[in-house]
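Biologist: I'd like a close look at one part of this model, the packing around the main nonpolar core. Could you take me through it slowly, and then show me how the other chain compares as a piece of architecture?

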Amino acid sequence: MMFMAGERNPASCYLDERTFRLCCQLFLQHSETIQDGWSWEQIKGTDEGFMKKTVLMPVKPSFLHKQHECSMQDENMVTDDVQANVEDETAGVQAVCEIHAVLRYEYHVLYSCSYQIPVLYFRASTLDGRPLSLEEVWSNVHPNYRQRLQQGPWDTLTQQEHPLLGQPFFMLHPCRTEEFMKPALDLAQAENKRMNYIVTWLSVVGPVVRLDVPLSYSSSAVISLSVSDSTDPEDVQRTC
Amino acid sequence: MSDNAESPTETQKDDPSIQHAATEHTGASDEKKKIDVLLKAVGDAPIMKTKKWSVERGRTVQSLAQFISRFLKLEASEQLFIYVNQSFAPSPDQEVGVLFECFGSDGKLVLHYCKSQAWG
């Protein structure tokens, strides 16, 4: 949902499909700028599509062989930034002794007509193509969220058939979206600030399943649309 | 410095890196190992009696979220969400010092927070 300065509509948590596409368009433009790897996938012969990004993620080898819960629950867990490891002079020794397993995560941002909000789908596999089990995916949920996700009254992280591709994916169930979107929407409206629904939403749900959304997405260039709500990129304006 | 905060003396002892921010700054360069954070509730989140905190730069968002959750005595099933720049949720691994560099103004970082029942 995008609202312009001066509008007084109560901030709805729901997103119409057109606004979904506009938000994605701005999001993708920024991704291009910072080379964040997102792309738009159009379903041939339809006007449906989704955003997609593939990430390679190093994890400790023990992750795949056994679930070493203690190592995954370390709240000071080092980020998956491989570059940082390279700079650490001890990492050179480590690399010889311990080869990280690498997981491949593929994230899709779809629009749900029934919920009228975006939904995050993803699939995960080892590099040799073995799909991760639900248990393995669970153990890779960020510790900040894991406990509470597991307390959900019904399955939060489920295996679903991808609505457009028909392949098995994991999905973060969207029915609580309103609870974390509404406060942000209300806040932006109260302060007459523009916001990009997809940026806000993905910044919340992404890290749960190890998808990083860089801070620069929050910059005004990604958020603004002209008052006429045009899809013409030349109309994209910047707020101060 | 206000002392009418509920409870948190216990949590404060556990978290020396998060302290009440002095209402008067002695000016300066107590070298910015700590940054000032102003916590604002949104939605129906409980309002913290002490809103201004000094936090070590290296503290992560996750760590700060845990602190706030304990301070507010959230239930185990409740998830705290933190927003920077009003509508962006920083990664739990992000350091508050970085957020301060990007979004701080008037010498402080404003963070909004809300809570939600279990996911699903």
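Modeller: Here is a walk through the core, then the helix pair beside it, then the sheet in the other chain. Keep in mind that this is a predicted model.

Let's start with the core itself. The largest nonpolar core has 84 residues. Those with the most contacts inside it are A:Trp38, A:Tyr107, A:Ile198, A:Trp201 and A:Leu202. The element that gives the most to this core is helix 9 of chain A, residues 197-205, with 7 residues. In general, nonpolar side chains tend to be buried together in soluble globular proteins.

Now zoom in on A:Trp201. Leaving out residues up to four places away in sequence, A:Trp201 touches A:Val109, A:Pro118, A:Val119, A:Leu120, A:Thr177, A:Phe180 and A:Met181. There's also a second, separate core of 7 residues, and A:Leu110, A:Tyr121, A:Phe169 and A:Met171 are among them.

On to the helix pair. Helix 8 of chain A (residues 177-190) and helix 9 of chain A have axes that come within 10 Å and cross at roughly 130°. That angle is why helix 8 of chain A counts as oblique to helix 9 of chain A. The crossing of helix 8 of chain A past helix 9 of chain A is right-handed. From helix 8 of chain A, the contact uses A:Thr177, A:Phe180, A:Met181, A:Ala184 and A:Leu185. Helix 9 of chain A answers with A:Tyr197, A:Thr200, A:Trp201, A:Val204 and A:Val205.

Over in chain B, look for the sheet. Its 5 strands form an open sheet in the order 1-3-2-5-4, with mixed pairing. Strand 1 (18-20) and strand 4 (79-84) of chain B are the edge strands, each pairing on one side only. On average, neighbouring strands of this sheet are turned by 35° against each other, direction ignored. Strand 1 of chain B runs antiparallel to strand 3 of chain B (residues 52-56), and the two pair over 3 bridges. One detail to find there: B:Gln19 has B:Ser54, in strand 3 of chain B, as its bridge partner. Helix 2 of chain B (residues 61-71) packs on the sheet and touches strand 1, strand 2 (34-41), strand 3, strand 4 and strand 5 (108-116) of chain B. The direction of helix 2 makes about 125° with that of strand 4 of chain B.

Last stop, B:Gln79, which sits in strand 4 of chain B. B:Gln79 counts as buried because its relative accessibility is 2%. The C-alpha atoms of B:Gln79 and B:Lys115 are separated by 5.5 Å, with the two residues 36 residues apart along the chain.

Key:
Residues numbered from 1 in each chain as written. Chains lettered and ligands numbered in written order. Predicted model: local features only at pLDDT ≥ 70, side-chain atom pairs only at ≥ 80, totals over all residues. Heavy atoms only, no water. Pairing = 2+ DSSP bridges. Helix = DSSP H or I, 4+ residues; strand = E, 2+ residues; numbered from the N terminus. Axes fitted to C-alpha atoms, helices over the stretch in contact; angles between N-to-C directions. Contact = heavy atoms within 4.5 Å. Core = buried A, V, L, I, M, F, W, Y, C linked by side-chain atoms within 4.5 Å. Buried < 20%, exposed > 50% of the residue type's maximum accessible area, 1.4 Å probe, protein only. Parallel < 35°, antiparallel > 145°, perpendicular 65-115°, else oblique. Left-handed = near helix turned anticlockwise from the far one by under 90°.
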